[in-house]
Structures are given as C-alpha cells and as structure tokens.
Amino acid sequence: MGSATSELPTRRTPLADAAETGLKIVVVGGFGVGKTTLVRSVSEIRPLNTEEVMTQAGQGVDETKGVESKTTTTVAFDFGRISLNQRMVLYLFGAPGQERFWFLWDRLFSGTLGAVVLVDTRRMEDSWYAIDRLEHHRTPFVVAVNRFDDDDARFSLEEIRQALALGKHVPMIDCDARLRSSAKEVLICLVDHLYALARSQEGTP
C-alpha cells in the first residue's frame with residue numbers, strides 16, 4: 001500500500017466498567033491482504049500478534065505474487081479489542097492467510113459471532129476459501145475491499161460481488177486497513193449486519 005500512516009490512538013483505552021457484551025469477530029482473507037494491519041489500526045489495546053520474518057523455508061510454499069515486498073507473516077493469529085460503546089466490546093482475531101495455516105481457521109471460528117472477509121482485488125481468488133469456510137460454518141460475514149494504491153483495475157463493489165459469486169444479502173464495503181476510522185466503519189458494518197439478522201430471526205414465526 002502507499003505511504004499513508006495508520007490513525008493509531010495516542011493512548012490505550014481501558015475496558016469500560018459498564019462493558020457487558022463481548023463479541024468475537026474473526027478477520028479472514030488471503031495472504032498479505034491486510035488483516036494484521038486492520039487489527040493493529042483499530043485495536044484500542046496493544047495488539048497481540050504472531051508475525052514472523054519470512055525466510056527461505058517459505059519459498060515455493062507461500063504464494064507471494066502481488067505482495068513481493070512483504071517481509072513478515074502471521075503464523076498463528078492476531079488479537080485486538082475495540083469498544084463500540086460503553087457496553088459492547090469486539091474481540092478481534094486475525095487469521096493467518098497462507099494455505100499451510102488454514103487448519104487453524106476452524107478453531108478460530110468456534111464461538112465467532114461474525115466475520116470480516118478482507119479482499120485484495122489483485123488476488124481475488126485468495127478470498128474464495130475464506131468465503132467457503134464461513135458459509136460451511138454458517139457464520140455471517142461482510143466483505144471489505146482493502147483498496148491498495150497500486151491497484152490499477154479499481155473494480156467496483158458490484159463487479160467484485162459478481163466475481164466472488166456473493167448474494168445480495170452479503171454487505172460489502174470499501175476500506176483502507178491502515179486507517180482506524182476506515183477499519184472501524186468495517187466493524188460497524190458487520191455489527192449492523194448481525195443486528196439485522198437477529199431482528200429478522202426474531203420476526204420469524
């Protein structure tokens with residue numbers, strides 16, 4: 001991505017005494033799509049992450065086409081937290097993107113209320129597995145398109161929806177994972193989606 005800097009908070013926010021609802025959210029997507037960046041930019045605590053420097057051992061195993069400049073990789077998961085209001089807190093888990101770590105995903109999905117699928121349009125095919133696993137687990141999700149500065153194609157959200165074969169019921173949103181305000185809008189989009197689904201189920205006879 002470009003040279004924009006993350007809108008990191010100047011102070012780390014303690015958990016409010018009134019917090020009573022904790023929601024587990026998973027951020028998934030392909031390798032190098034920006035999952036660690038999103039968790040890091042939006043978290044109000046210092047994120048726990050398991051990034052390691054990429055070595056020659058990963059050559060020929062990790063597909064780096066389109067992200068050749070990437071020098072680190074998540075080998076377990078990222079963890080962060082954000083309070084949407086005084087009572088509702090989101091606990092964020094960023095899943096590793098490389099295929100060799102996908103076996104961890106099913107465990108991460110356990111107890112997850114919803115998910116964000118982060119998409120890089122330069123490597124759209126990397127999103128299919130994430131969508132497939134979420135649909136298999138019947139986990140509600142939204143799709144956030146992380147717009148990279150060197151993405152010349154600039155596909156519209158509707159074009160991306162068609163390429164990923166997503167139904168109209170799946171919300172989509174543009175984002176810049178580096179910016180806290182943008183990452184927070186993605187999470188608000190997911191919470192709104194979960195709320196709408198819950199209201200719909202309540203109204204079902």
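In this predicted model, Ala165 sits in the loop that runs between helix H4 (157–163) and strand E8 (172–175). Have a look at its backbone: the phi of Ala165 is near 55°, a positive value in a residue other than glycine. That is worth a second glance, because most residues other than glycine have a negative phi. Ala165 is also exposed, with a relative accessible area of 68%. Arg138 makes a good companion to visit next. Arg138 belongs to the loop between helix H3 (128–137) and strand E7 (141–146), and its phi is positive at about 55° although Arg138 is not a glycine. With 77% relative accessibility, Arg138 counts as exposed.

From these loops, let us move to the sheet. Six strands make up an open sheet with mixed pairing, in the order E4-E5-E1-E6-E7-E8. Which strands stand at the edges? They are E4 (78–83) and E8; each has a single partner strand, so one side of each is left without a neighbour in the sheet. Ignoring direction, neighbouring strands of this sheet are turned by 25° against each other on average. At the E4 end, E4 and E5 run antiparallel and are joined by six bridges. One residue pairing to find here is Arg81, whose bridge partner in E5 is Tyr91.

Tyr91 also leads us to the aromatic rings. There are two aromatic pairs in the structure. In one of them, the ring centres of Phe79 and Tyr91 are 6.2 Å apart and the planes lie at 10°, so this pair is stacked. Because Phe79 lies in strand E4 and Tyr91 in strand E5, the pair ties together parts that are twelve residues apart in sequence. Phe79 and Phe93 form a tilted pair, with 5.1 Å from centre to centre and 55° between the planes. This pair, too, links E4 with E5, here across 14 residues. Together, the ring pairs join Phe79, Tyr91 and Phe93 into a cluster. Within that cluster, Tyr91 counts as partly exposed at 27% relative accessibility, whereas Phe93 counts as buried at 17%.

Now for the helices that meet the sheet. H3 packs on it, touching E1, E6 and E7, and the direction of H3 makes about 165° with that of E6. H5 lies across E1, E4, E5, E6, E7 and E8, and runs at about 160° to E7.

What lies in the interior? The largest nonpolar core has 24 residues, and the members that touch the most others are Leu90, Leu92, Val116, Ala144 and Leu187. Strand E1 (21–29), helix H1 (35–42), strand E5 (88–94), strand E6 (114–119), E7, E8 and helix H5 (180–202) each supply at least two residues of this core. H5 gives the largest share, seven residues. A second, separate core holds 22 residues, among them Val26, Val119, Leu166 and Met172.

Ala144 is a handy place to zoom in. Apart from its neighbours within four places in sequence, Ala144 is in contact with Val116, Val117, Leu118, Val119, Ile173, Cys175 and Val186. One of these contacts, Cys175, counts as buried at 7% relative accessibility. Cys189 is buried as well, with a relative accessible area of 16%. How many disulfides does the structure hold? The number is zero.

Conventions:
Residues numbered from 1 in each chain as written. Predicted model: local features only at pLDDT ≥ 70, side-chain atom pairs only at ≥ 80, totals over all residues. Heavy atoms only, no water. Helix = DSSP H or I, 4+ residues; strand = E, 2+ residues; numbered from the N terminus. Buried < 20%, exposed > 50% of the residue type's maximum accessible area, 1.4 Å probe, protein only. Core = buried A, V, L, I, M, F, W, Y, C linked by side-chain atoms within 4.5 Å. Contact = heavy atoms within 4.5 Å. Disulfide = S-S within 2.5 Å. Pairing = 2+ DSSP bridges. Axes fitted to C-alpha atoms, helices over the stretch in contact; angles between N-to-C directions. Phe/Tyr/Trp six-rings, centres within 6.5 Å; stacked < 30°, edge-to-face > 60°.
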